[in-house]
Amino acid sequence: MSDTPVEKMSFEEAMKALEEVVGQLERGDVPLEDSIALYERGAELKKRCEKKLKEAEEKVAAITLGEDGQPTGTTPVEGL
């Protein structure tokens, strides 16, 4: 497992870590207490991935297009 705090992970890092957690849980060879900790970490990683995706969607939605369909700039998105 990565030592990087979840809140500092990029989307790709969080997704890779989430895949590792899911793999460990699916194998079923983890003691119950460790499974609970893995599940909690997985929930944090899922939340991080969702946040990063939402940020990306908002940035894409903020791109303004000219009459010719070409990007002309961006519209500020509140909260980013």
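Glu20 counts as partly exposed, at 39% relative accessibility; buried here means under 20% relative accessible area, exposed over 50%, and partly exposed in between, with a 1.4 Å probe and protein chains only. Its partner Lys16 is exposed, with a relative accessible area of 52%. Lys16 and Glu20 form a salt bridge whose closest N and O atoms are 4.0 Å apart, a salt bridge being a side-chain nitrogen of Lys or Arg within 4 Å of a carboxyl oxygen of Asp or Glu. Both residues lie in helix H1, 4 residues apart, or about one turn of the helix. Side chains of opposite charge can pair when their charged atoms come close.

A word on the basis of these values is in order. The model is predicted, so local features need pLDDT of at least 70 and side-chain atom pairs count only at pLDDT 80 or more, whereas totals for chains, interfaces and linings use all residues. Residues are numbered from 1 along each chain as its sequence is written, and side-chain values use heavy atoms, with hydrogens and water left out.

By the salt-bridge rule, the count comes to 6. In helix H2, Glu50 and Lys46 meet through their side chains at 2.7 Å, N to O. Glu50 and Lys46 are 4 residues apart in helix H2 and thus separated by about one helical turn. Glu50 is partly exposed at 44% relative accessibility, and Lys46 is likewise partly exposed at 44%. A salt bridge also joins the side chains of Lys51 and Glu55 (3.9 Å, N to O). Here too the two residues are 4 apart in helix H2, with about one helical turn between Lys51 and Glu55. Lys51 is partly exposed, with 46% relative accessibility. A network of salt bridges links Lys51, Lys52 and Glu55.

Turning to the overall fold, the secondary structure comes to 2 helices and 2 strands, where helices (H or I, at least four residues) and strands (E, at least two) are DSSP runs numbered from the N terminus. Along the sequence, the pattern reads α-α-β-β. Of the 80 residues in the protein, 20% are buried. The accessible surface comes to about 6,200 Å², and carbon and sulfur atoms account for 54% of that area; accessible areas come from the Shrake-Rupley method with a 1.4 Å probe, and for residues only the protein chains shown count as cover. Among contacts (heavy atoms within 4.5 Å) between residues at least 6 apart in sequence, 46% join residues at least 24 apart.

The interior comes next. The largest nonpolar core has 10 residues in all: Val6, Met9, Ala14, Ala17, Leu18, Val21, Val30, Leu38, Leu45 and Cys49. Helix H1 (11–27) and helix H2 (32–61) each supply at least two residues of this core, and the largest share, 4 residues, comes from H1. A nonpolar core is defined as a set of buried Ala, Val, Leu, Ile, Met, Phe, Trp, Tyr and Cys residues joined through side-chain atoms within 4.5 Å.

Ala14, a member of this core, is in contact with Met9, Leu45, Arg48 and Cys49 when its neighbours within four places in sequence are left aside. Arg48 is found in helix H2 and counts as buried, at 11% relative accessibility. With neighbours within four places in sequence again left aside, Arg48 is in contact with Val6, Glu7, Lys8, Met9 and Ala14. Arg48 and Phe11 are 37 residues apart in sequence, yet their C-alpha atoms are 7.3 Å apart in space.

On the outside, Val60, Ile63 and Leu65 make a nonpolar surface patch of about 290 Å². Patches are made of residues with over 30% relative accessible area and no salt bridge, like charges being joined within 9 Å and nonpolar side chains (Val, Leu, Ile, Met, Phe, Trp, Tyr) within 5 Å. Leu65 lies in strand E1 (residues 63–65) and is exposed, at 56% relative accessibility.

Confidence in the model closes the account. The protein averages a pLDDT of 87, and 89% of the residues score at least 70; pLDDT is the predictor's confidence in each residue, from 0 to 100. Among the elements, H1 has the highest mean pLDDT (96) and strand E2 (residues 71–74) the lowest (72). Where pLDDT is low, the predicted coordinates should not be read in detail.
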